[in-house]
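Biologist: Please take one part of this model and go through it closely, strand by strand. Then set it against the rest of the chain and the neighbouring chain.

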Amino acid sequence: MSTTSIYAPEMARLADVRPLTELEKLFVIELPQGRSLGHQPGQFVMLSIPGVGEAPISISSSPSRSNGHFELCVRRMGDVTGVLHNMQAGDWVGIRGPFGHGFPIEQMRGRDMLFAPGGLGLAPLRSLINQVLDERSAFGRVIILYGAKRPAELLFRDELDAWAAREDVEFHLTVDRGDETWKGHVGVITTLFPAITVDPRNTIAVTCGPPIMYRFVLMELLGKGIPETNIYLSLERRMKCGMGKCGHCQINDLYCCREGPVFTYDQIKNVPEAL
Amino acid sequence: MSLRILDKQAVVPLVEALMADYRVFGPRAKGPQFGFEPLDSPADLRLDYNISILSPKTALQPPQERMATIRLGEGAPAVEPVIEAQPTVLFGVHTCDLYAIRLLDRAFTADFPDAHYLERRRQTLVVSLECLQPCDEHSFCKSMGTWTADGGYDLHMTDIGDAYIVHVGTEAGEALLREYARPATDAEVRRLNEVLSAKWPRFPQRLEFDAAELPALLATAYNHPIWAELGERCLSCGSCTNVCPTCYCFNVLDTVSLTLDEASRIRRWDSCQLDEFARVTSGENFREARAARQRHRMLRKGKYLRERFNAPGCVGCGRCIRACLVHINIVETFNTIHKSA
């Protein structure tokens, strides 16, 4: 038997670190020999710092823009992310993965896409959004409804501006509370829904956000007649292995890390611990 | 494979010979109870034990193990996987624990084969022992279908009086016996059948329904009032999962040496009964209530593991019942749910 371990990380280099907000930074990571991560949108990696710890982080970059790098958008929150936020380009981190079931993009081509990320939920959805935009002609309408608590918490400001400027993207932005410079829409993300109409038979909805958000966004999506099998969610759980063994991420009998983190609403609507 | 005879006087010499080549785990006295632990001498072996406090799981999934060493310094940290395995014999494994090992084998093989467990397992030989008496009032192996062996061993011993009759399960098992055993006679095989027939009535049926109904029964019991009642009593100490032979959940920890030149990745047993088990860094706890954690344990034992691995997720050993400080009883819980269904 070989002495390889599925728990031993591969060391990778931070190629770049870009501040996004007060709490979030984008970490651009380079695998050895310029290898690509080979992920699907919606998958995650286990990111570790030797001697500090390991945490599951969703992959924020699109496979269509891999170019030998991948990107993680990370909030400064705990031990691992606290140390990570003090690291710079050239520093080393451990990577395992990619893990989990991502978004089935092959089943999404040809459809209208409705994205509804809330707050840090944009981090995993950005991977799919950029993949869709890079294959723009393969999809129908692209609608993005993005909400954050405050203007200062909006992620990827440059990209938001670019999406807003595109004629082939219907982009709507809101913040729960504005500030003196904010001229846009104010209100929780659900307040963006009345303004849009969708063809429910041909629309795929994709949402990710804090647990409290799902219930209300789901009501809006179901209210528009989008079938439960066409509503995708990405769920967050504590994870220690990423491979369906350690037990931490279990949602009743589902392992978030294996069967998820991307689920259809149909898959989890009768799973009481899911939402 | 064949049936062999191991005279009782030959057990000590056999174990002594095994100890020269293997780390030998077996039942041994631990205060007034028994542990299933490495033997220091063949005389430590107590094949008359009823049940060990911890199961033989500790030999296959140790409470803590190192999985990698990471050398720190100039340049890229160097990751060296560590597989902690050594030739081991588990001598005198009761049949409930044999079924538990089967479940662990499936769990650590599924999807992503786990070399740490599997290499230890590959280097481990299992000598099991047929139980002729129930351990005590808490065992419910008959209800769970684990009260007698159906494979999964290298050698399986049954006490027929002056000797053990040994079913040879594998060639590696055959090699273990060496010159210490001889072929069984027809009379000895008849004696084995008598012993096995006589054992059936001694084992009580504690579950008041067929264990195969457990997944369907528990599927209807998600909002049963018993969970709140268990939650009120549970101290969230994790004793039940520590002693459970089919609990394999774990934590992965990274540590660093005081000299900062070496980091370690450690795996340690964890418990779904502990408050922080399902808590994410932002503070959200997806199983915050003790009632929800006890429900999760019971559903995992009675439903989730059985459905996922097609093997009993609870093997009826009764250890969680004996270890519980507030007398939470998995059999009574299942029976209560069944009565109210």
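Modeller: What follows starts with one sheet of chain B and then moves outward.

The model is predicted, and local features need pLDDT of at least 70, side-chain atom pairs count only at pLDDT 80 or more, while totals for chains, interfaces and linings use all residues. Residues are numbered from 1 along each chain as its sequence is written, and chains are lettered from A and ligands numbered from 1 in the order in which they are written.

The part chosen is an open sheet of four strands in chain B, with the order β5-β4-β12-β11 and antiparallel pairing. The edges are taken by β5 (78–81) and β11 (250–256) of chain B, each with a single partner strand, so one side of each is left without a neighbour in the sheet. On average, neighbouring strands of this sheet are turned by 25 degrees against each other, direction ignored. For such angles, axes are lines fitted to C-alpha atoms, for helices over the stretch in contact, and angles run from 0 to 180 degrees between N-to-C directions. Strands (E, at least two residues) and helices (H or I, at least four) are DSSP runs, numbered from the N terminus, and two strands pair if DSSP finds at least two bridges between them.

Within the sheet, strand β4 (residues 64–71) and strand β12 (residues 262–269) of chain B run antiparallel and are joined by seven bridges. In this pair, I70(B) stands opposite A263(B) in β12(B). The loop between β11 and β12 of chain B holds L260(B). L260(B) is not a glycine, yet its phi is positive, about 65 degrees. Most residues other than glycine have a negative phi, and most peptide bonds are trans. L260(B) is exposed, with 10 other C-beta atoms within 10 Å. The cut-offs are 20 or more other C-beta atoms within 10 Å for buried, 12 or fewer for exposed, and partly exposed in between, with C-beta atoms placed from the backbone.

Elsewhere in chain B, G92(B) belongs to strand β6 (residues 88–94). G92(B) is buried, with 28 other C-beta atoms within 10 Å. Leaving aside residues up to four places away in sequence, G92(B) touches G26(B), P27(B), L45(B), L47(B), V127(B) and L129(B); contact means that C-beta atoms, placed from the backbone, lie within 7 Å. C131(B) is 39 residues from G92(B) along the chain, and their C-alpha atoms are separated by 10.0 Å.

For chain B as a whole, the secondary structure comes to 13 helices and twelve strands. Its radius of gyration is 22 Å, close to the 20 Å that the globule rule gives for 341 residues, so chain B is as compact as a globular protein of that length. That radius is taken over C-alpha atoms, and the rule is 2.2 Å times the number of residues to the power 0.38. Along the principal axes, the C-alpha atoms of chain B fill a box of roughly 70 × 65 × 40 Å. Of the 341 residues in chain B, 44% are buried. Among contacts in chain B with a separation of 6 or more, 71% are between residues 24 or more positions apart.

The contact between the chains takes 34 residues from chain A and 39 residues from chain B. The side of chain A that touches chain B has 15 nonpolar, ten polar and nine charged residues. Here Ala, Val, Leu, Ile, Met, Phe, Trp, Tyr, Cys and Pro count as nonpolar, Asp, Glu, Lys and Arg as charged, and the others, Gly among them, as polar.

Chain A also has parallel pairing to set beside the sheet of chain B. Six bridges join its strand β8 (residues 142–148) to strand β9 (residues 170–175), with Y146(A) opposite L173(A) in β9(A). Helix α3 (residues 157–165) of chain A forms a right-handed β-α-β unit with β8(A) and β9(A); right-handed means that, with the strands pointing away from the viewer, the path from the first strand over the helix to the second runs clockwise. β9(A) also pairs in the parallel sense with strand β10 (residues 185–186) of chain A, over two bridges, and T174(A) stands opposite H185(A) in β10(A).

As for backbone geometry in chain A, N252(A) has a positive phi near 50 degrees and is partly exposed, with 17 C-beta neighbours inside 10 Å. The peptide bond from G97(A) to P98(A) is cis, with omega near 10 degrees, and P98(A) is in strand β6 (residues 92–99) of chain A.

Methods:
Two residues are in contact if their C-beta atoms, placed from the backbone, lie within 7 Å.
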